[in-house]
Amino acid sequence: MSEAATGTATSILDVSDVSKSFPASKDLLGRVTARLQAVVQASLSIAPGETLGLVGESGSGKSTLGRLVMRLLDVDAGRIVLEGSDITEARGSELRAARRKMQIVFQDPQSSLDPNWLVRDIIAEPLRAYGVTRAEREAATERLLVDVGLEPTHGARYASEFSGGQRQRVAIARALALEPNLVVCDEPVSALDVSTQAQVLSLLESLRDRRGLAYLFIAHDLAVVHHISHRIAVMYLGRIVEVGPADEICRRPRHPYTEALLSAMPSPNPADRRQRILLTGEMPSPVNTPPGCRFQTRCTHAMDRCREIEPELVAFGDVEVACHLHDSGPILAGASVTVIPRK
Ligand code: ADP
Ligand code: MG
């Protein structure tokens with residue numbers, strides 16, 4: 001495997017070949033008769049202070065991968081290494097120690113924040129769980145409220161009194177209470193209106209830069225992911241199909257799926273606007289995925305080989321792509337897929 005996939009000794013997070021399936025159906029006796037492959041052999045690494053964006057349509061396995069990283073779910077196979085320690089099987093105090101170093105922010109602060117709690121108690125709760133004294137908790141909570149752009153007096157209110165954007169600020173403050181080095185942001189702005197999205201994104205950026213945080217930033221919207229990420233991993237039906245520097249992924253997409261996501265992105269400059277490549281049909285079911293490339297049913301470039309052999313990620317410089325357009329023939333060998341004329 002290439003270095004880009006496995007990371008280096010300086011990574012904060014190294015995920016290698018992680019897979020996760022769920023029971024999809026059971027017979028009358030409760031025996032599992034089919035499994036759904038939510039994540040298939042995913043590898044990624046994140047450096048300190050770096051934001052890796054994880055993008056793909058709904059159902060592609062992004063949240064499952066985020067939960068596996070957070071150890072909210074157990075992997076079926078693969079390895080998760082946080083700051084050099086293998087936490088794949090961590091339990092008890094080892095897992096508690098890991099949880100201090102990484103936190104998660106969810107899409108919907110409405111359901112992730114208890115409406116019956118005062119905001120200051122929500123933010124201080126992780127501190128209490130880790131034995132921080134009351135006086136220190138109060139001081140830390142005030143600081144965190146200010147850090148996320150709220151007022152210290154907001155601590156005495158209930159989260160239910162706040163707007164969606166303010167609630168997401170509270171969720172971010174709580175995630176930062178234990179001073180983690182890595183934050184998994186799972187669609188943190190997807191439930192917000194566009195202007196609030198921009199404000200929360202810029203808050204996340206400034207917190208990252210001030211505190212040297214690393215993010216695994218999950219979203220289905222490539223424009224949002226591009227805005228905040230240093231590198232982007234594109235996920236389709238459980239697999240990472242392309243990964244590389246954010247600008248490179250968005251300027252020269254190597255995978256036809258990335259190209260399709262990009263062409264759906266609004267561009268302020270009409271001259272930049274790509275010919276819109278419509279993703280026709282639905283993403284196939286992750287149960288009993290047919291052999292070959294998972295994108296073949298929607299790919300305008302699909303060849304015989306794509307229906308038979310699943311493409312592996314191949315590195316071309318600092319970009320990796322899993323597509324037979326690059327590894328057999330080879331037609332593209334790492335060049336942008338946009339050079340192929342459209343029919
Ligand atoms: P995304 O976040 O990209 O929308 P998810 O990781 O939520 O994707 O889901 C990936 C696939 O796994 C979907 O088909 C989803 O229905 C399935 N899935 C996720 N969580 C579970 C679960 N706990 N049990 C069964 N299936 C699940
Ligand atoms: Mg999700």
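A polar contact is a pair of N or O atoms within 3.5 Å. The exercises below apply this cut-off and other ideas to a predicted model.

**Exercise 1. Polar contacts of the ligand**

Task: Determine which residues place a polar atom close enough to an oxygen atom of ligand 1 to satisfy the cut-off of 3.5 Å.

Solution.
Step 1. Begin with the backbone. An N or O atom in the backbone of glycine 59 is 2.6 Å from an oxygen atom of ligand 1. For serine 60, a polar backbone atom lies 3.1 Å from an oxygen atom of the ligand.
Step 2. Turn to the side chains. Threonine 64 has a side-chain N or O atom 2.5 Å from an oxygen atom of ligand 1.
Step 3. Compare with the cut-off. The distances of 2.6 Å, 3.1 Å and 2.5 Å are within 3.5 Å.

**Exercise 2. The shell around the ligand**

Task: Describe what surrounds ligand 1, and state how much of the ligand's accessible area the protein covers.

Solution.
Step 1. List the neighbours. Phe22, Leu36, Ala38, Glu57, Ser58, Gly59, Ser60, Gly61, Lys62, Ser63, Thr64 and Pro286 surround ligand 1.
Step 2. Sort them by class. The shell consists of 4 nonpolar, 6 polar and 2 charged residues.
Step 3. Consider coverage. Ligand 1 on its own has 560 Å² of accessible area, and the protein covers 62% of this.
Step 4. Assign the elements. Two or more shell residues come from each of β2 (32-46) and α2 (62-69). The greatest contribution, 3 residues, is that of α2.

**Exercise 3. The order of the strands**

Task: Establish in which order the strands of the open sheet lie, and which strands are at its edges.

Solution.
Step 1. Recall the principle. Strands of a sheet pair through backbone hydrogen bonds, either parallel or antiparallel.
Step 2. Examine β1 and β2. These antiparallel strands are joined by 10 bridges. Phenylalanine 22 has leucine 36 in β2 as its bridge partner, and proline 23 is matched with arginine 35 in β2.
Step 3. Examine the connection. β1 and β2 form a hairpin with 5 residues between them, and glycine 30 in the turn has a positive phi of about 85 degrees.
Step 4. Examine β1 and β4. Strand β1 (residues 13-26) runs antiparallel to β4 (residues 77-82), with 5 bridges joining them. Valine 15 faces isoleucine 80 in β4.
Step 5. Assemble the sheet. The 4 strands follow the order β2-β1-β4-β5, with antiparallel pairing. The edge strands are β2 and β5 (85-86), each of which pairs on one side only.

**Exercise 4. The largest cavity**

Task: State how many cavities of 30 Å³ or more the structure has, and characterise the lining of the largest cavity.

Solution.
Step 1. Count. The whole structure contains 5 cavities of 30 Å³ or more.
Step 2. Give the volume. The largest cavity holds about 90 Å³ of space.
Step 3. Identify the lining. There are 15 lining residues, of which Cys293, Cys299, Cys306, Cys323 and His324 are the closest to the centre of this cavity.
Step 4. Classify. The lining has 11 nonpolar and 4 polar residues, and no charged ones.

Technical notes:
Residues are numbered from 1 along each chain as its sequence is written. Chains are lettered from A and ligands numbered from 1 in the order in which they are written. This is a predicted model: local features need pLDDT of at least 70, side-chain atom pairs count only at pLDDT 80 or more; totals for chains, interfaces and linings use all residues. Side-chain values use heavy atoms; hydrogens and water are left out. A residue is near a molecule or strand if one of its heavy atoms lies within 4 Å of it. A polar contact is a pair of N or O atoms within 3.5 Å; within protein, one must be able to donate a hydrogen and the other to accept it, and residues adjacent in sequence count only if both atoms are side-chain atoms. Accessible areas come from the Shrake-Rupley method with a 1.4 Å probe; for residues, only the protein chains shown count as cover. Ala, Val, Leu, Ile, Met, Phe, Trp, Tyr, Cys and Pro count as nonpolar, Asp, Glu, Lys and Arg as charged, and the others, Gly among them, as polar. On a 1 Å grid over the protein atoms alone, a cavity is a set of points where a 1.4 Å probe fits but cannot get out, and a pocket is an open set with protein on both sides within 12 Å along at least five of seven lines; lining residues have an atom within 4 Å of a point. Grid points are joined across faces, edges and corners, and a volume is the space filled by probe spheres set on the points. Two strands pair if DSSP finds at least two bridges between them.
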